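Welcome! Here are some exercises to work through with the sequence and the model side by side. Try each task yourself before reading its solution.

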Amino acid sequence: MNDNLYLMVRFGELNTKGKNKKDFILLLAKNIKNSLKDYQYLEYDVLYDHIYIKLNGYNYEEILDTLKDISGIKKISLVYKCEKNLDEINNICLSLIDQTNDKTFKLNCKRADKSFPLHSDEIIRKIATNILKTYHLKVDVHHPDKNIFIEVRNEACYVFEKTFEGAGGYPLGSGGKALLMLSGGIDSPVAMYLMMKRGIKIDCIHFASPPYTQVGVIYKLYDLLHVLNKYQDKINLIIVPFTKIQDAIYNFCPESYAITIMRRMMYRISEQISKQRKCLAIVNGESIGQVASQTLVSMQTINEVINTLVIRPLAVFDKTDIISIAQKIKTYDISIRPFEDCCTIFTPKSPKTAPKSEDVSYYESKFDWKSLIDDAIKNIEVKLITNKDDDLI
Amino acid sequence: MIYFDNAASTKPDLDILEKYRQINEELYANPSSLNNFSKHCEHLFNQTKHQILSSLNLKNDYDVIFTSGASESNSLALIGYVIKNIKKGDNIIVSEVEHASILNASKYLSEKYNIKVSYLKIKSDGQYDVEHFKTLINKKTILVSLMLVNNEIGTIYDMSKIKEILKEYPDVIFHSDAVQAIGKINYDYNLFDMFTLSGHKIHSMKGQGALILKKNLQLSPLIFGGNQQENIRSGTLDLANAYCLNLAIKKAIKEIDIHQKNVQLIHDKIFKYLKNNGDLYELNSKIDDLCYILNFSFKHKKASVMCEALSLKGIQTTTVSACSSHVDSSSYVVKALGKNESIYKNTLRISFSKYNTLKEADEFIDAVETLNMEIKDER
């Protein structure tokens with residue numbers, strides 16, 4: 001029985017992709033194989049409608065746990081593959097019945113291969129008759145104890161009862177790459193996860209202001225990214241030395257404008273880095289109204305310094321919803337570790353919630369921020385965070 | 001020297017010893033201190049935990065508490081859990097063949113905290129008596145601790161039926177002393193709420209143990225101090241010991257199949273010899289037990305004399321487990337199998353590792369054959 005056991009992977013929104021569908025499927029197959037590379041005896045059938053993974057004796061639950069985190073998969077079923085032959089289908093259906101616990105059953109059939117001589121209804125009727133003859137079971141089409149699905153496809157027939165939800169979205173990498181502004185708080189890792197789920201590969205940028213910010217923040221980021229390695233196995237973390245810029249802002253600009261100007265500097269740096277690294281957009285965890293720099297007026301004043309597309313996946317999310325995603329993807333406990341980042345240090349007592357563009361430009365003209373930015377970009381540090389179980393020491 | 005006492009302790013791997021030296025030389029900061037050197041060490045310490053959980057193929061909801069060894073881990077699991085959760089019930093179940101640390105911690109709980117300790121019997125085939133288990137478990141049971149592989153005779157216990165029964169008691173915590181199983185059998189440790197492992201049984205050093213436990217479990221500490229390790233086990237975090245334990249686990253699990261093949265050959269050779277000479281020896285281990293441990297009794301010789309004589313010939317074995325040897329020379333595990341006194345008082349345990357060879361098996365057989373002629377029958 002076990003050598004015909006497969007996991008059937010169904011695609012999410014790929015069915016809307018028309019001509020590109022094949023590329024998406026090949027990319028998804030590549031991502032799946034990469035995530036499952038430790039299971040060397042798995043075999044893959046990559047077909048136009050589904051991907052089939054032959055288990056060859058591996059425990060399906062372990063494989064399933066990995067598949068559930070791969071974006072682009074809608075559903076996964078544990079299937080028995082057999083010849084398109086009524087006797088074989090019948091045998092598998094009989095073997096799925098648990099005589100002690102199942103009192104009722106239901107059969108469902110899909111016949112994708114229209115050349116198969118029996119219609120779906122006829123298949124159901126023949127097999128149901130056999131089950132009724134063999135076991136003391138009744139048919140219940142509303143609340144069956146055992147719900148069996150039969151799919152007759154061109155290449156073979158598949159029988160299954162269990163189907164599991166996948167992550168949805170698109171295969172990672174299918175949407176290109178974006179640069180995410182990662183602070184270490186609760187929001188940015190969630191924004192990152194939502195983008196990856198949508199098929200976008202992520203590079204991360206972090207602004208560090210030592211000694212005002214602690215090195216502990218960087219370790220916190222490593223830990224966060226290790227968690228997110230589940231969805232993207234190699235993540236680049238770009239650390240920008242931001243202390244000199246922050247010092248200059250506080251020396252030359254009024255306190256109430258400090259956050260606005262700091263964010264503008266971060267955007268400018270992010271734009272240059274994203275161009276260098278061929279990222280198609282900048283992503284951050286901003287959510288409208290959450291803090292002074294995230295009012296619509298502030299966001300406009302900040303955003304206007306760059307031309308790159310900025311995506312804010314959390315723009316309209318409530319904090320409680322963001323937290324529940326963070327808990328689900330297991331970044332929350334790391335995010336709440338108490339370290340100060342660039343945004344929480346030097347927090348002014350009364351920041352501007354509606355900073356005027358002209359005022360901000362005036363204050364910025366008081367110091368040579370361009371060379372400070374060039375200097376910061378020259379001194380970035382890039383770390384590759386992977387889930388490879390390398391020796392740490 | 002032929003070292004056939006690997007269930008007592010193993011030879012540390014050189015790369016692990018070297019790593020221990022290197023970490024103490026380079027990464028000696030206190031990981032809980034506040035400078036950046038300490039933070040670096042703390043990060044590595046946390047990563048080490050993750051690597052252990054990943055090597056053991058555990059899902060995210062487990063945590064690692066590093067201890068001084070398996071005895072501390074077992075004591076912490078039993079005493080720490082029971083004291084903290086005594087309001088939930090006052091019965092615990094352990095098997096009669098557990099390691100001394102479980103039996104003595106249970107005894108302590110019974111004497112000091114009035115906990116009712118039930119002892120699960122084993123059947124003559126060595127397996128846990130599931131029917132007996134059903135009569136022991138009840139609504140007041142809060143903890144069950146059953147070892148996964150027996151340290152004296154090598155039985156690999158079948159936990160499936162026990163686990164099935166425990167499904168009806170979802171509040172009962174299931175702990176296992178998995179010391180002799182880690183790196184020797186492929187096993188799904190997600191079955192347990194807590195389990196114990198030890199470094200020096202898998203070619204790392206003494207002083208390294210861990211209790212792996214589900215994150216939501218509440219335990220009282222046995223050691224008090226600076227509240228390290230979630231306040232369950234205080235004491236300066238020891239990166240070198242933690243990391244070496246991690247390395248040893250990683251290597252042991254990765255290499256299970258490779259070493260098992262070799263050890264199985266050694267085991268089978270000696271097993272076959274003992275079986276073919278049933279007039280001289282009584283086998284206490286079965287052929288399908290863990291191949292790393294082989295226990296038998298001399299029918300006509302005193303085991304302590306044979307052990308001494310073998311040792312003089314350079315072959316290191318033991319009569320009963322090292323942790324029971326100070327108490328009594330008879331094996332309570334073999335006794336529990338239902339064997340008679342002359343058998344359970346004269347057991348010899350030989351235990352293997354990846355460093356043993358087939359040639360050593362031949363030498364061992366030659367040595368016992370010679371000794372059989374040289375040493376007088378005593379009984």
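**Exercise 1.** Find which strand β5(B) pairs with in the parallel sense over 3 bridges, and follow the chain from β5(B) to that partner.

*Solution.* Start with the pairing: β5(B) and strand β6 (residues 173–177) of chain B run parallel over 3 bridges. Strands are DSSP runs of E with at least two residues, helices are runs of H or I with at least four, and both are numbered from the N terminus. Two strands pair if DSSP finds at least two bridges between them. One position to look for is Leu143(B), which stands opposite Ile173(B) in β6(B). Now trace the connection: the chain passes from β5(B) through helix α6 (residues 160–166) of chain B to β6(B), a right-handed β-α-β crossover. Right-handed is said when, with the strands pointing away from the viewer, the path from the first strand over the helix to the second runs clockwise.

This is a predicted model, in which local features need pLDDT of at least 70 and side-chain atom pairs count only at pLDDT 80 or more, while totals for chains, interfaces and linings use all residues. Residues are numbered from 1 along each chain as its sequence is written, and chains are lettered from A and ligands numbered from 1 in the order in which they are written.

**Exercise 2.** Decide whether the residues of β5(B) are buried or exposed, and find how strand β3 of chain B pairs with β5(B).

*Solution.* A residue is buried if 20 or more other C-beta atoms lie within 10 Å of its own, exposed if 12 or fewer, and partly exposed in between, with C-beta atoms placed from the backbone. In β5 (residues 141–145) of chain B, 5 of the 5 residues are buried, so the strand is largely enclosed by the rest of the structure. Next, strand β3 (residues 91–95) of chain B pairs with β5(B) in the parallel sense over 4 bridges. There, Ile93(B) has Val144(B) as its bridge partner.

**Exercise 3.** Work out which part of chain B supplies the largest share of the side that touches chain A.

*Solution.* Count the contacts to begin with: 14 residues of chain B meet 9 residues of chain A, where contact means that the C-beta atoms, placed from the backbone, lie within 7 Å. Both α1 (14–26) and α2 (36–55) of chain B supply at least two residues of this side. The largest share, 9 residues, comes from α2(B).

**Exercise 4.** Name the edge strands of the open sheet of 8 strands in chain A.

*Solution.* Write down the order, β2-β3-β1-β4-β8-β7-β5-β6, with mixed pairing. The edges are β2 (43–46) and β6 (138–139) of chain A, each pairing on one side only. At one edge, β2(A) and strand β3 (residues 50–54) of chain A are antiparallel over 4 bridges, and Glu43(A) stands opposite Lys54(A) in β3(A).

**Exercise 5.** Describe how enclosed helix α5 of chain A is, and say why chain A counts as more spread out than a compact globule.

*Solution.* In α5 (residues 187–197) of chain A, 11 of the 11 residues are buried, so the helix is largely enclosed by the rest of the structure. Following α5(A) is Gly199(A), with a positive phi near 95 degrees. For the whole chain, list 13 helices and 14 strands. The radius of gyration of chain A is 27 Å, well over the 21 Å that the globule rule gives for 393 residues, so chain A is more spread out than a compact globule. That radius is taken over C-alpha atoms, and the rule is 2.2 Å times the number of residues to the power 0.38.

Conventions
Two residues are in contact if their C-beta atoms, placed from the backbone, lie within 7 Å.
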